[in-house]
Amino acid sequence: MLGSAFEADDVVQETMLRAWKAADGFEGRSSLRSWLYRIATNVCLDSMRGEKRRAMPMDLGPASPPAESHLRPWPAEDRWVTPIPDGRVVPDHGDPAEIAAVRDSVRLAFVTALQHLPPRQRAALILCEVLKLPAAEAAVILENSVASVNSALQRARTTLAALPEHQRPRAVEPENAELLARYVDAFQRYDMKALVTLLREDAVQTMPPFEMWIQGASEITTWMVQPGPSACAGSVLVPVRANGVLAWGQYKPDPERGGLAPWGLQVHEVSGGKISRMNFFLDTERLFPLFGLADRIFDDR
């Protein structure tokens, strides 16, 4: 709902606190599940009241050429979609099909697309199409009629279908271990000739908190050898899992202090057998502790 791992933690705590305080008043007229989802939904709706929606750079304007002069931070009053560790949202055990469905539901592109919806449409879509609740149960949770829920679902689907191609989630593909291993190898060697072959021609690269985004495999690899980005040569990628996919904490060389320092959390997506989205989240002060990543490493390769 919120597009933020940090806000989600706050909302879970508030939901459980409200449930604990209201437990004596639970009369069993609905299922315990519906009762808890109603509390959680209301907490989410309360938290979004008056707030700007979260976004990714491609939601803000057109792609930029691969030149450092376009690298500008987004205004501080706006907020980004942030990744979340799989351990917070994906079960460790259970039906493989159900686990796969959960991973699909938290993919970064899907979560970002949801931010284009008004809060109640977003809630209806999540309840019915992610959590797979019947419209009648969703109506109880949203304290609305079944007809209103179905109308919200239809409007939500129409909005998502009308998003530009670069903002729309692509079809989910099974994790391609060979492709991702080749990506890690090419990136750690900083081999642009190898890297460009792993990207879709229309691939997108983002770097929150910068509003700049780049589209096109050749544009992305051109960007990576600009003076500033070329400082990432010699980086080491440490695997983690984020938003249902394999991701990496990137550490780049730190000539002043030695070793390698946190630089970004890479969360990418694959489509058509190649990498379609490359997201580099640079808020390492908050994200690396969230993902259990060290504040400095030493390369022993």
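**Figure 1. Second largest pocket of the predicted model and the elements that line it.** α4, β4 (245-253) and β5 (260-271) each contribute at least two lining residues to the second largest pocket. Helices (H or I, at least four residues) and strands (E, at least two) are DSSP runs, numbered from the N terminus. The lining has 19 residues, and E173, P174, E175, G244 and V245 lie nearest the centre. A pocket is an open set of points on a 1 Å grid over the protein atoms alone, where a 1.4 Å probe fits, with protein on both sides within 12 Å along at least five of seven lines; lining residues have an atom within 4 Å of a point. The volume, the space filled by probe spheres set on the points, is about 360 Å³.

**Figure 2. Largest pocket.** This pocket holds about 1,300 Å³ of space. Of its 44 lining residues, M1, V89, V106, I126 and L131 are the closest to the centre. α1 gives the most to the lining, with seven residues.

**Figure 3. Surroundings of S271 in strand β5.** S271 is buried (under 20% relative accessible area, 1.4 Å probe, protein chains only), because its relative accessibility is 8%. Leaving aside neighbours within four places in sequence, S271 is in contact (heavy atoms within 4.5 Å) with R170, E173, R200 and S276.

**Notes.** Residues are numbered from 1 along each chain as its sequence is written, and side-chain values use heavy atoms, with hydrogens and water left out. In this predicted model local features need pLDDT of at least 70 and side-chain atom pairs count only at pLDDT 80 or more, while totals for chains, interfaces and linings use all residues.

Note on methods: Buried < 20%, exposed > 50% of the residue type's maximum accessible area, 1.4 Å probe, protein only.
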